[in-house]
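Visitor: I'm new here, so could you walk me through what there is to look at?
Guide: Gladly. Have a look first, then ask away.

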Amino acid sequence: MSTPVLEGWFSDAGGQAHLIGSRCCKCGTYYFPKAGNFCRNPDCDGTEFEDAPLSRSGKLWSYTNASYQPPAPYIAAEPFIPFAIAAVELERERMVVLGQVISGVGVDALQVGMPMELVIETLSVEAGGEKTVWKWKPVAEQGS
Amino acid sequence: MSRDIAILGVGMHPWGKWGRNFVEYGVAAARAALADAGVKWRDIQFVSGAATIRNGYPGFVAGATFAQALGWQGAAINTSYAACASGSQALAAARAAILAGNAEVALVVGADTTPKGFLAPAKGERPDDPDWVRFRIGITNPTYFALYARRRMALYGDTLEDFAAVKVKNAEHGFSNPNARYRKKFSAADVAASAMVADPLRLMDICATSDGGAALIVCSLDYAKRMGKANAPRIAAISTVTPSFASEVLEMPDLATDSAVVAEPHRYRAALPARAYEDAGIGPEDINVAEVYDLSTALELDWYEDLQLCKRGEGALLLRSGATRLGGRVPVNPSGGLACFGEAVPAQALAQVCELAWQMRGEAGVRQVPGASAGITANQGLFGHGSSVIVKR
Ligand SMILES: [Zn+2]
């Protein structure tokens, strides 16, 4: 039985993995994670928000990796397996969202500007069961 | 009317991993600054402390803690906390008191004792705290520095050799600085041989955390004149502006930038010195020395551009030209920077001003920038805090 590491932050309802952000009903600004009861646009005093599934794909803004095991509350496998990290630019939302890259894909396979898509994958196997999280995955090239 | 104040004295407790109480470092720095200024502790009318959040209640009320340690004498007290900009905000409070005529001479002091190992968030399950969330999914501080570094490589063609050259330069600068923690020269090969932390950054590209203390005695221009120090260096501007929505650079500890669908995107780092130049009425062409927050080697190159020492994207070119080395057109981090100090959060912004004061007085020894007449500091930290201070002769 797997559960999301952060409840309500992402979903793969209908087999389509996506982040759950929110959008200000007054000015249209997107937020991830979801905004509270106030809009942070200085020209907007909006207090109502609708859930907004964010774009599932975008362009790689930059990337790196974690060569060392991050400290708690990160829960690492034994032995620790390094993972890549991606910052992806979403065109419609005009924002950049950070996340791990799917396991098995290292920095050598990444290039700034390449298309990336969102997937849900295991983050860790913990006392309470398996935890899932959103991750970025290079979009497979056509015909390869 | 001039909005300048004078720096009458500066003092530091050497950076290191001493493991003693932060109050000791602050008192040592304060006494050194008082002696340098030729001002008696009893004459100080305003004490402004930069807070530390890692040392319990005495750290939260640092201004009072230092005043009590030096001996209560009835001065007015202020404490400021603003992450990496804590020292600058404490300095801004002293400047405001002086310019308002509430005090003529003030002590500004910051000190820190840092824990060993990784900086980790407070315990407990806290999904509403962005700092907890990012560690939960494996995003540490070096992640952000590495993303900026890789972005520079992709956009501007910066190389790993450029980043290593920043470390080599700063190590050379700090080699003989008695207040620096790391006084050792390194080669590009040493940097390349250090462990990879967050690709493309290696251990020697990233700064450590340190213990240390720094203090300033600042006063009105009248007071400086009465003390026979009319030529003391002056603070011409202190910028502590916030970011502007929509902030386009991914900032620690956030997992996403602002969305720029209805507001123009802004760069926070560039806004800090821009405001300082505006307030001081001088421009980047007038600057001949700078102290910047090199949390990573690559980040120092971002600062060159944010300080407008060169065009956007040309930071590595400026470095390669030798302009930012001692002996160059505009030496950056003559003190050795964070590469040689390691970060002691509430003391660091004040340490930057101490170095500029020594430079303006022509007392920086082998680190001296000949004819230094105007310098600028810059730093940026968590949650929209940053600062930039201009010091001139
Ligand atoms: Zn709004």
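Visitor: How far apart, N to O, are the side chains of B:D306 and B:R269 in their salt bridge?
Guide: First, a word on the model: it is predicted, so local features need pLDDT of at least 70 and side-chain atom pairs pLDDT 80 or more, while totals for chains, interfaces and linings use all residues. Residues are numbered from 1 along each chain as its sequence is written, chains are lettered from A and ligands numbered from 1 in the order in which they are written, and side-chain values use heavy atoms, without hydrogens and water. A salt bridge here is a side-chain nitrogen of Lys or Arg within 4 Å of a carboxyl oxygen of Asp or Glu. For B:D306 and B:R269, the N to O distance is 2.9 Å.

Visitor: Which helices does that pair of B:D306 and B:R269 link?
Guide: Helices are DSSP runs of H or I with at least four residues, strands are runs of E with at least two, and both are numbered from the N terminus. The two residues are 37 apart in the chain, so to speak distant parts of it. B:D306 sits in α11 (residues 297-306) of chain B and B:R269 in α10 (residues 268-280) of chain B.

Visitor: Are B:D306 and B:R269 buried or exposed?
Guide: Buried means under 20% relative accessible area, exposed over 50%, and partly exposed in between (1.4 Å probe, protein chains only). By that scale, B:D306 and B:R269 are both buried.
The two also belong to a network of salt bridges with B:R152, B:D158, B:D302, B:E305 and B:R312.

Visitor: Which parts of chain B does the salt bridge of B:R54 and B:D112 tie together?
Guide: The closest N and O atoms of B:R54 and B:D112 are 3.1 Å apart. B:R54 is partly exposed at 31% relative accessibility, whereas B:D112 is buried at 1%. The two are 58 residues apart in sequence, so the pair ties together the loop between β2 (46-50) and α2 (56-60) and strand β4 (residues 105-112) of chain B.

Visitor: How much area do chain B and chain A bury between them?
Guide: Buried area is the accessible area (1.4 Å probe) that two parts lose on being put together, summed over both. Contact means heavy atoms within 4.5 Å, and 38 residues of chain B are in contact with 46 of chain A. Carbon and sulfur atoms carry 66% of the buried area, and the whole comes to about 3500 Å².

Visitor: Which residues form the one salt bridge across the interface of chain B and chain A?
Guide: Side chains of opposite charge can pair when their charged atoms come close. The rule finds one such bridge across this interface. Its closest N and O atoms are 2.8 Å apart, and the partners are B:R136 and A:E126.

Visitor: Which element gives the largest share of the side of chain B that touches chain A?
Guide: The elements giving two or more residues to that side are α5 (130-136), α6 (141-156) and β5 (196-198) of chain B. With eight residues, the largest share comes from α6(B).

Visitor: How many of the 17 residues of α14(B) are buried?
Guide: Helix α14 covers residues 345-361 of chain B, and its end C-alpha atoms are 26 Å apart. That agrees with the expected 24 Å, which is 1.5 Å times one less than the number of residues. The helix is largely enclosed by the rest of the structure, because the buried count is 16.
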